[in-house]
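User: Please take a close look at how helices are packed in this structure, starting with one pair, and then connect that part with the sheet and the empty spaces elsewhere. I am in my first year, so please go carefully, one step at a time.

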Amino acid sequence: EKGGYDHFMLKEIYEQPRAILDTYRGRLLADQKLIKMAGIDEHLDKFVNANRIIIVACGTSWHAGLVAEYIFEDLARIPVEVEYASEFRYRNPVITDKDVLIAISQSGETADTLAAIKLAKENGAFVFGVCNVVGSSIARETNAGAYTHAGPEIGVASTKAFTTQITVLSLIALKLAQEKGSLTDEQFTSFLTELEYIPTKVEVALQSNDAIEKIAEVYKDSPNCLYLGRGYNFPVALEGALKLKEISYIHAEGYPAAEMKHGPIALIDESMPVIVIATNKGHYEKVVSNIQEIKSRKGKIIAVVTEGDVQVKELADHVVEVPETLEALTPLLTTIPLQLLSYHIALMRGCNVDQPRNLAKSVTVE
Ligand code: M6R
C-alpha cells in the first residue's frame, strides 16, 4: 500500500510530479491557449465581476491560500483576502453578494472551513471549493468547485495536497487573467508552458533527497529552527515550518524575511539553523542581504536556491538547488526540499512520521 516507500508521507512527496500532472490534465490545453475548468466556465461572471475574493482554509490549505493571494493579485488583478476559517466565521465579517469565497480543503471535512462556507452563503456570496476528497462535505456544500485530483493523502502531514492546490489555484488565476486581459498573450502562453514543465522540474527537485538527508543529520537535534522567504515564497516558509513542527516536534517558525529585524533576529546565534528560500527571481538581492545579516550573527544558513546560483552559495552553510521557473510558480518547487528535510529529521528523531502525536488527518470538530 505504501508502494515500496517506508512511509505514506515519503510516497506522497514522491507522487507530486504525477499528482500535479493529474491536476492540470484535461484542463491546461497549451496548444489551444486555453484553460478548461467547468466549475469556473459556468460561473465566470461571478469571478470577473467580484469585488474581491475571500479565501478561507486552515493549516497547510491556508498556506496554499496565501500563495494564491499573490497569484490572483499579480496575474488577474483581483483583490484577495486570506483568512483562517476559524477566525473568519466568528469575527462578524462583512460579506456581500459581490464577494466570491474560495474554500480550500484537502479532506473537505474541516469543521471551521465548512462553517465559514455556510456563513458566506447565508450572506449571499458565491462559494467555490478546492477539495481533494471527492464528494466530501465541503465539495457538496459549495456552489461550484474544482477537485485537485491528487489521489488519497494518508500521511497526516499534507504534502501533495499543497502543491496540487497551488496548481488548481494557478489555473483559476490564469483563466481569470485571460478573461480580464490582465496578462499579455506572451505572458499567458509562457505561464502555460512553464506549468507544463513543473512535474519534470519537481522530479529534478526530488533528486536532492540524499543531500537533504545529510543536512538533516547535522540539524536533527536543534531545538529551534527559523524559515524565511519573501513574496511568493513567504507562505512556503510558513509551510516549511509547519511541516517540521508537526512531524519532528522541533519548534519552528516561518517569517517574511524582512520581518526578521523586527524581532526574530534576536534569536539568532551559532546554534540557530535558518532555512532561507532565495530563488533568483523577485527579491533575490534583498534576501541575500537578509542572509548576510544572519551570517554576521553566526546563524547557520540552509538555502534553497535556483540552479546555477553563485552569490548565496558563497554565504550559506548548505545549499539545495531547484530548477528555474517563473517566479509565481517557484512555490511548487521550493516546497519540495522543505518537505524532505522535515521528513528526514522526523525519521532520525524516531518520530511517527505518518501519524504525529496529538494530530488527526482532518479536524472535524472545532
Ligand atoms: O483537510 P484540510 O485541508 O481542510 O485540512 C487543513 C489542516 O487541518 C491541515 O492542512 C493540517 O494543517 C495538516 N496536518 C498540515 O500538514
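Analyst: The axis of a helix is a line fitted to its C-alpha atoms over the stretch in contact, and the angle between two axes, taken between their N-to-C directions, runs from 0 to 180 degrees. With that in hand, and keeping in mind that this is a predicted model, we can turn to helix H2, residues 16-24, and helix H10, residues 185-206, whose axes come within 8 Å and cross at roughly 170°. Angles over 145 degrees count as roughly antiparallel, and H2 and H10 are therefore roughly antiparallel to each other.

The contact itself can be followed residue by residue: H2 contributes Gln16, Pro17, Ile20, Leu21 and Tyr24, while H10 contributes Leu195, Glu196, Ile198, Pro199, Val202, Glu203 and Leu206. Sorted by class, the residues where H2 meets H10 comprise 9 nonpolar, 1 polar and 2 charged.

Helices can also pack on a sheet, and for that we look at an open sheet of 5 strands, which are arranged in the order S9-S8-S10-S11-S12 with parallel pairing. Strand S9 (251-256) and strand S12 (318-322) are at the edges and have a single partner strand each, so each of them has one side without a neighbour in the sheet. From one strand to the next, the twist averages 20°. Within this sheet, strand S10, residues 273-278, runs parallel to S11 and is joined to it by 6 bridges; Ala278, for example, has Val305 of S11 as its bridge partner. Helix H11 packs on the sheet, where it touches S10, S11 and S12, and its direction makes about 150° with that of S12.

H11 leads us to the empty spaces, since a search of the whole structure finds 3 cavities of 30 Å³ or more. The second largest has a volume of about 60 Å³, and its lining consists of Ile212, Ile215, Ile275, Ile302, Val304, Val320, Pro337, Leu338 and Leu341. Two or more of these residues come from each of helix H11 (209-219), strand S11 (300-306) and helix H15 (331-348), with H15 giving the most, 3 residues. This lining has 9 nonpolar residues, with no polar and no charged ones.

The largest cavity, at about 80 Å³, brings back Ala278, which lines it together with Arg230, Tyr232, Asn233, Ile277, Thr279, Lys281, Gly282, His283, Val287 and Glu327. Its lining is made up of 4 nonpolar, 4 polar and 3 charged residues.

Finally, there is the largest pocket, which holds about 500 Å³ of space. It is lined by 24 residues, of which Cys58, Gly59, Thr60, Lys361 and Val363 are the closest to its centre. Helix H5 (59-76), strand S5 (99-105), helix H7 (111-122) and helix H12 (234-248) each give two or more residues to this lining, and H5 gives the most, with 3. By class, the pocket lining contains 9 nonpolar, 10 polar and 5 charged residues.

How values were computed: Residues numbered from 1 in each chain as written. Predicted model: local features only at pLDDT ≥ 70, side-chain atom pairs only at ≥ 80, totals over all residues. Heavy atoms only, no water. 1 Å grid on protein atoms, 1.4 Å probe; cavity = no way out; pocket = protein on both sides within 12 Å on 5 of 7 lines; lining within 4 Å. Points joined across faces, edges and corners; volume = space filled by probe spheres on them. Nonpolar A, V, L, I, M, F, W, Y, C, P; charged D, E, K, R; others polar. Helix = DSSP H or I, 4+ residues; strand = E, 2+ residues; numbered from the N terminus. Parallel < 35°, antiparallel > 145°, perpendicular 65-115°, else oblique. Contact = heavy atoms within 4.5 Å. Pairing = 2+ DSSP bridges.
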